[in-house]
Amino acid sequence: MNELTAFIEGGQLSVSRLLLQHYQTLRMSSDELVVYLQLSDFASQGDTFPDLAVIGERMGLAPTQIYELIHQLLKKKIITLNSTVNEQGQPVDHYDLTPALSKLSVLAVQQNQAALNSQETNQRLSVFNQIEQTFGRPLSPLESEIISNWLDLDHYSAELIQFAVREAVLNQVYSLKYVDKILLNWQKQNIQTKEDLQAYQKAHPRR
C-alpha cells in the first residue's frame, strides 16, 4: 500500500502519443527522447532550466553525456534555448520544448492528409470497379474519362455515382449516358448525399 501511495503522490507526466510513436521520425535517439521527457517533467514543475547533473543522475549518465544529448536536441531543433530578463534585470535561460510539438503537429496534418488521399483513391477505384463489374466488361478510355470528369469536374461523390449506377441497373439500362442523366437530374434536385437521395426517394416513391 505504501508503494502505491508513493506512486500516486509522485504525480504523472502527460506525454503525447505522437511523440512516443514518431520520435524516430524526428531523428531523436532513445536517449534524446528520455532527456526530452526529463525536461518536460521539470518544466511541469516550473523548472525550465534544470540542472543537467540531476538529469544525469536520473538516467545514470554523466553530465557531459547529458550536455551532448541536449546539444543534439538543439541542433535538430527539437528544443530551443531562450534567454529572458528577470525582474532584477538578470538574464535567465530556459529550454523551450514547443518546437517538437510543432513538428509533431505538422506530421499529424501530413498523416491525416495521406489518410484522406488514400481513402479518396480507394473510393475512386471502387467506382471504376463497380461499373466494370456491372457492365461485365472493361471500361473504354472514353468511359473512363467520363467517370473521371464526374469525380474531378462535376465533383459528384463516389457514393452518389454508385447509387446512380444502381438506379440505371434497376431500369435495365447499362449506359454511362443514362447514368449521367440520373446524376444531372439529382443535381437539379440538390441531391448530394445518400441522405438527400433517401429523402427524395421517400418523397417520390416509385410507381
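User: Why is H155 called exposed?

Analyst: The relative accessible area of H155 is 61%, and a residue is called exposed over 50%, buried under 20% and partly exposed in between (with a 1.4 Å probe, and protein chains only), so H155 belongs with the exposed residues. The model is a predicted one, in which local features need pLDDT of at least 70 and side-chain atom pairs count only at pLDDT 80 or more, while totals for chains, interfaces and linings use all residues. Residues are numbered from 1 along each chain as its sequence is written, and side-chain values use heavy atoms, with hydrogens and water left out.

User: Where does H155 lie, and what is its phi?

Analyst: H155 is in the loop between α7 (141-152) and α8 (158-170), where helices (H or I, at least four residues) and strands (E, at least two) are DSSP runs numbered from the N terminus. Its phi is positive, about 60°, although H155 is not a glycine. Most residues other than glycine have a negative phi.

User: Which loop holds K77, and what makes K77 exposed?

Analyst: K77 is found in the loop between α5 and β1. Its relative accessibility is 58%, which lies over the limit for exposed, and therefore K77 counts as exposed. K77 also has a positive phi of about 60°, although it is not a glycine.

User: Why is H22 called buried?

Analyst: H22, a residue of helix α2, has a relative accessible area of 16%, which is under the limit for buried, so the word applies. Leaving aside residues up to four places away in sequence, H22 touches L107 and Q111, where contact means heavy atoms within 4.5 Å.

User: Why is N82 called partly exposed?

Analyst: The relative accessible area of N82 is 28%, which falls between the limits for buried and exposed, and so N82 is partly exposed. N82 lies in strand β1 (residues 80-85), and it touches V92, D93, H94 and D96 when residues up to four places away in sequence are not counted. The C-alpha atoms of N82 and F49, which are 33 residues apart along the chain, are separated by 9.9 Å.

User: How do you know that the span of helix α3 agrees with its number of residues?

Analyst: The expected span of a helix is 1.5 Å times one less than its number of residues, so the 15 residues of α3 (residues 30-44) should span 21 Å, and its end C-alpha atoms are indeed 21 Å apart. Just after α3, G46 takes a positive phi of about 90°.

User: Which residues of α3 are buried, and what covers them?

Analyst: The buried residues of α3 are E32, L33, V35, Y36, Q38, L39, S40 and F42. Their cover includes α2 (17-22), α4 (52-59), α5 (63-75), β2 (91-96) and α6 (98-135).

User: How many helices and strands does the chain have, and why is it called more spread out than a compact globule?

Analyst: The chain has 10 helices and two strands, in the order α-α-α-α-α-β-β-α-α-α-α-α along the sequence. Its radius of gyration, taken over C-alpha atoms, is 30 Å, whereas the globule rule (2.2 Å times the number of residues to the power 0.38) gives 17 Å for 207 residues; the value is well over that of the rule, so the chain is more spread out than a compact globule. Along the principal axes, its C-alpha atoms fill a box of roughly 85 × 45 × 40 Å, and 28% of the 207 residues count as buried.
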